[in-house]
Amino acid sequence: MWMYDKKLEYPILIKNPNPALAKLIVTQYGGPDGELGAAVRYLSQRFSMLTPQARATLNDIGTEELGHLEMVGTIVRQLIEGLSDREIEEGGFAPYYVDHGLAVYPMSAGGVPFSAATLQSLGDPITDLTENMAAEQKARSTYEYLIRMTDDPDVIGPLKFLREREIVHFQRFGESLGIVQDYLDQKRVFAPQTACES
Amino acid sequence: MNETIPATPAAGDCVPLETPIEDVKLARAYVPVQVRCAVFTPAVSLTKGTAFPPLWNDCFLRTGGVIDD
Amino acid sequence: MTEQELLQKIMELDFYIIDLHLYLNTHPEDADAIGMYNDAVLQNRDLRAEYTQKYGMLTSNHCVSAVPWQWIDSPWPWQKAANFELREENV
């Protein structure tokens, strides 16, 4: 189960409001390659994963993604809290505002609400781990695009941190894939009657 | 904590960085397994986003948009 | 140490522990890394105990509270008052 640690994984202190930027960054909150999708994907796949190493990896990276979700929500909120009506309109933020005020809502930069259709939990451990490697690359790319969209060091710092975490997660899923592949190869050697091919 | 670990070890301080992959088969994806060597201090790790120098990658196109060959 | 300096030290150790933890999940035989992990956890426990005693509850299950109930105290982690710029000179 989960406990809550009352601190962010990485500190976030944004001095300059920016609703237009918030509208982009929210995509890592509820968009197709964002942290909510990553957390749900890995925490769902763990139930059917094989090998202790891969199970632990899914469990713990899924848990870390919840912490990242919190970071992204924090960035969005700090970019929009206290905005005046004029700032909202001039920042092109009025469509979001009329639906969600100055709250944080899980959606993509294009306004599409969060959907599990962007993720898969398929049960075949090789398939799931390969899906996860792709997911980490998608998230890394999205962070790179977001980093290009701003010059604000208060925002770039946490985004670069989150991008680096995707690279590390990719490595761990890759290692888990090797462990699962070796395990399945052995299973076929010792229990050929249950194998699906030679 | 191990005080002899330098604050920013160079990647070349631990070679090879990965284990070789044996008995490679077609139609499979392989990621080299990390070999641990020196790690960053906790303070440096947090700023970089990892404790492991070979996994730290700050290198991507920050400006100028698309790579267009 | 100020509250912010102590919180930064805890954040640094927590993160170092997380990254080592993920590494150990795929490298369970690395005894030296387990030693590094355990050292960091023990050091972190002391810092967290100090933080809780001086400034308030950090986790929802393992910290004691004064009266009135401290858990609900501001600031919460997403609020600006709870955050700071990572100080490079400590790094």
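## A buried charge

Which side chain of opposite charge is nearest to A:Glu9, and how far away is it? In this predicted model, that neighbour is A:Arg165, at 4.4 Å. A:Glu9 is buried yet has no salt bridge. The cut-off explains why: a salt bridge needs a side-chain nitrogen of Lys or Arg within 4 Å of a carboxyl oxygen of Asp or Glu.

So what does A:Glu9 pair up with? Its side chain has a polar contact of 2.8 Å with the side chain of A:His68. As for its place in the chain, A:Glu9 sits in the segment before helix 1 (19–25) of chain A. Leaving aside its neighbours within four places in sequence, A:Glu9 touches residues of its own chain, namely A:Glu64, A:His68, A:Met71, A:Phe161 and A:Arg165. The list also takes in B:Leu46 from chain B, along with C:Phe15 and C:Ile18 from chain C. That makes A:Glu9 a handy starting point for a look at both interfaces.

## Where chain A meets chain C

Let's take chain C to begin with. Here 31 residues of chain A are in contact with 34 residues of chain C. Put together, the two chains bury about 2,700 Å², and 60% of that is on carbon and sulfur atoms. On the chain A side, A:Lys6, A:Lys7 and A:Pro11 lose the most area to chain C, and together they account for 26% of what that side buries.

How many salt bridges cross between chain A and chain C? There are 4. One pairing to look up is A:Lys7 with C:Asp14, a salt bridge whose closest N and O atoms are 2.7 Å apart. Polar contacts join 14 residue pairs across this interface, counting pairs with both residues at pLDDT 80 or more. Helix 4 (52–80) and helix 8 (153–190) of chain A each bring at least two residues to the side that touches chain C. Helix 4 gives the largest share of that side, with 9 residues. Sorted by class, the chain A side has 13 nonpolar, 12 charged and 6 polar residues.

## Where chain B meets chain A

Now for the other interface. Chain B puts 22 residues in contact with 24 residues of chain A. Between them, chain B and chain A bury about 1,900 Å², with 52% of it on carbon and sulfur atoms.

The salt bridge count between chain B and chain A is 2. B:Arg28 and A:Asp185 meet through their side chains in a salt bridge, at 2.7 Å from N to O. There are also 7 residue pairs in polar contact, with both residues at pLDDT 80 or more. On chain B, strand 2 (33–34) and helix 1 (42–48) each supply at least two residues of the side that touches chain A. That side of chain B has 12 nonpolar residues, plus 5 polar and 5 charged ones.

## Another acid in chain A

Is A:Asp128 buried or exposed? It is buried, because its relative accessible area is 1%, while the cut-off for buried is under 20%. You'll find A:Asp128 in helix 7 (residues 125–148) of chain A.

The side chain of A:Asp128 reaches the backbone nitrogen of A:Gly123 at 3.0 Å. Beyond its neighbours within four places in sequence, A:Asp128 is in contact with A:Gln45, A:Ser48, A:Met49, A:Gln120, A:Ser121, A:Leu122 and A:Gly123. Look out for A:Tyr42 too: it is 86 residues away along the chain, with 8.7 Å between its C-alpha atom and that of A:Asp128.

Notes
Residues are numbered from 1 along each chain as its sequence is written. Chains are lettered from A and ligands numbered from 1 in the order in which they are written. This is a predicted model: local features need pLDDT of at least 70, side-chain atom pairs count only at pLDDT 80 or more; totals for chains, interfaces and linings use all residues. Side-chain values use heavy atoms; hydrogens and water are left out. Contact means heavy atoms within 4.5 Å. Buried area is the accessible area (1.4 Å probe) that two parts lose on being put together, summed over both. A polar contact is a pair of N or O atoms within 3.5 Å; within protein, one must be able to donate a hydrogen and the other to accept it, and residues adjacent in sequence count only if both atoms are side-chain atoms. Helices (H or I, at least four residues) and strands (E, at least two) are DSSP runs, numbered from the N terminus. Ala, Val, Leu, Ile, Met, Phe, Trp, Tyr, Cys and Pro count as nonpolar, Asp, Glu, Lys and Arg as charged, and the others, Gly among them, as polar. Buried means under 20% relative accessible area, exposed over 50%, partly exposed in between (1.4 Å probe, protein chains only). Lys and Arg count as positive and Asp and Glu as negative; His and the chain ends are not counted.
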